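Reader: I would like to learn how to read the features of a model like this one. Could you walk me through it, step by step?

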Amino acid sequence: MTDDLAARLLEAQVEYLRGQLADPQAFTELAREEITSFLADASHLTLSQAVSRDMIKAVAHKYAIAFPVEGAIPELVGQVAARLYAHSRNDDLRLSDIIDRKHFDDLATGVADLGITRRLVERILDSPATVDAAVDVMHRAVDSSRLPEKLGRLVDGTVENVTRRGARFVLQANKADSDELVVATIRDLWAANADQSIGEMSTLVEPGDVEDVVVLIFEFWRTFRDTDYFAALLSEGVDEVFEAYGDTPLDELLAELGVGYDDLVEEALRFGPHVIAQIDRHGFIEAALRRRLAPFYRSEAFTAAVR
């Protein structure tokens with residue numbers, strides 16, 4: 001009697017749950033109910049209550065540092081980059097189609113106004129290496145190798161002295177206007193190339209260069225992620241998240257990230273029905289439900305409950 005009841009209840013429960021998942025309308029109702037319930041529960045649970053910072057640090061360390069980066073990953077990235085490089089749309093799209101003159105001017109001004117931009121320009125203008133570079137250029141332009149030795153040394157010395165003084169004067173004179181120089185240079189560069197297609201501009205980069213860049217970035221990342229410095233940055237980043245949001249309810253945290261009820265429902269309905277339909281077609285849903293439910297109906301707990 002108990003075995004017969006168990007068999008009938010198992011069949012009924014499997015059919016009921018499969019119907020909830022496989023029927024699009026029933027799945028929609030289920031998804032809405034579960035997401036509503038999840039957000040209601042999440043409003044009473046903070047980030048720190050749900051998970052500890054040590055747990056998150058362990059996960060971050062595993063996937064950012066310890067997780068092996070196989071060769072297939074950079075290879076795939078290289079293939080994607082190469083495909084984007086060769087995309088036919090690049091021949092039809094101009095630089096000005098991506099960003100117009102006004103928005104580019106605003107962007108250039110914003111970049112020039114950044115504190116880091118100003119400090120970098122000032123450091124370059126103040127650097128002795130900048131003057132040395134100017135001297136080297138002038139030495140190459142004024143070839144004294146064909147002159148007699150003494151005259152050659154005299155020419156070289158004169159070129160170096162004049163160039164150093166002139167370079168220092170020019171650099172210091174333009175230091176106060178470095179912001180305007182950066183903006184003007186960027187604008188001139190954009191204006192000169194605004195009507196060129198992306199394909200024409202990409203001729204500066206050859207297909208082999210794309211692969212080389214991917215390999216260089218991959219090698220740098222593989223080395224950098226093993227350093228104590230990166231591990232410290234990762235740990236500090238997790239600490240900052242918990243200090244900022246540790247006492248924040250999970251539903252508010254999701255809202256801060258721009259994820260709300262409608263977003264969760266939209267993604268559930270975007271993927272759920274299609275994926276479930278493909279799985280159900282092969283009988284995997286029914287098999288999974290039976291695998292999880294059948295042990296209960298064979299257990300002592302079920303037998304005791306129906307006695």
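Reader: Among contacts in the chain between residues at least 6 apart in sequence, what percentage join residues at least 24 apart?

Author: Good place to begin, and please keep in mind that this is a predicted model. The share is 85%. To picture the chain behind that figure, add its secondary structure: there are 18 helices and zero strands.

Reader: How many residues does the chain have, and what percentage of them count as buried?

Author: Burial is judged by relative accessible area, and under 20% counts as buried. Here the chain has 307 residues, and 22% of them fall in that class. The accessible surface adds up to about 21700 Å², with 59% of it belonging to carbon and sulfur atoms.

Reader: Let's turn to salt bridges. How many does a search of the whole structure find?

Author: The idea is a distance test: a side-chain nitrogen of Lys or Arg has to lie within 4 Å of a carboxyl oxygen of Asp or Glu. By that test, the whole structure holds eleven salt bridges. A nice one to look at joins the side chains of Arg-290 and Glu-11, at 2.7 Å from N to O. Arg-290 belongs to helix H17 (residues 284-297) and Glu-11 to helix H1 (residues 2-22), so this pair ties together parts that are 279 residues apart in sequence.

Reader: Which other residue forms a salt bridge with Arg-290?

Author: That is Glu-286, with the closest N and O atoms 3.1 Å apart. Unlike a link between two helices, this one stays inside helix H17, where Arg-290 and Glu-286 are four residues apart, about one turn of the helix. Put the pieces together and you have a network of salt bridges linking Glu-11, Glu-286 and Arg-290.

Reader: Are the members of that network buried, partly exposed or exposed?

Author: Check each relative accessible area in turn. Arg-290 is partly exposed at 26%, Glu-286 is partly exposed at 32%, and Glu-11 is partly exposed at 41%.

Reader: Which residue forms a salt bridge with Arg-270?

Author: Glu-267 does, and the closest N and O atoms of the two are 2.9 Å apart. Both residues sit in helix H16, three residues apart, about one turn of the helix. Arg-270 is partly exposed, with a relative accessible area of 45%, and Glu-267 is partly exposed too, at 36%.

Reader: Now for surface patches. Which residues form the nonpolar patch?

Author: To join a patch, a residue needs over 30% relative accessible area and no salt bridge. The nonpolar patch consists of Phe-271, Val-275, Ile-279 and Phe-284, which together offer about 370 Å² of accessible area. Helix H16 (residues 261-281) gives the most, with three residues. Val-275 is placed in helix H16; its relative accessible area is 38%, so it is partly exposed and passes the patch cut-off of over 30%.

Reader: And which residues gather in the patch of negative charge?

Author: Glu-75, Glu-206, Asp-209, Glu-211 and Asp-212 gather there, on the surface. Helix H13 (residues 207-224) gives the most to this patch, with three residues.

Reader: Where is Glu-75 placed, and how exposed is Glu-75?

Author: Glu-75 is found in helix H5 (residues 72-85). With a relative accessible area of 48%, Glu-75 is partly exposed.

Key. Residues are numbered from 1 along each chain as its sequence is written. This is a predicted model: local features need pLDDT of at least 70, side-chain atom pairs count only at pLDDT 80 or more; totals for chains, interfaces and linings use all residues. Side-chain values use heavy atoms; hydrogens and water are left out. Patches are made of residues with over 30% relative accessible area and no salt bridge: like charges are joined within 9 Å, nonpolar side chains (Val, Leu, Ile, Met, Phe, Trp, Tyr) within 5 Å. Accessible areas come from the Shrake-Rupley method with a 1.4 Å probe; for residues, only the protein chains shown count as cover. Lys and Arg count as positive and Asp and Glu as negative; His and the chain ends are not counted. The place of a charge is taken as NZ of Lys, CZ of Arg, CG of Asp or CD of Glu. Buried means under 20% relative accessible area, exposed over 50%, partly exposed in between (1.4 Å probe, protein chains only). Contact means heavy atoms within 4.5 Å.
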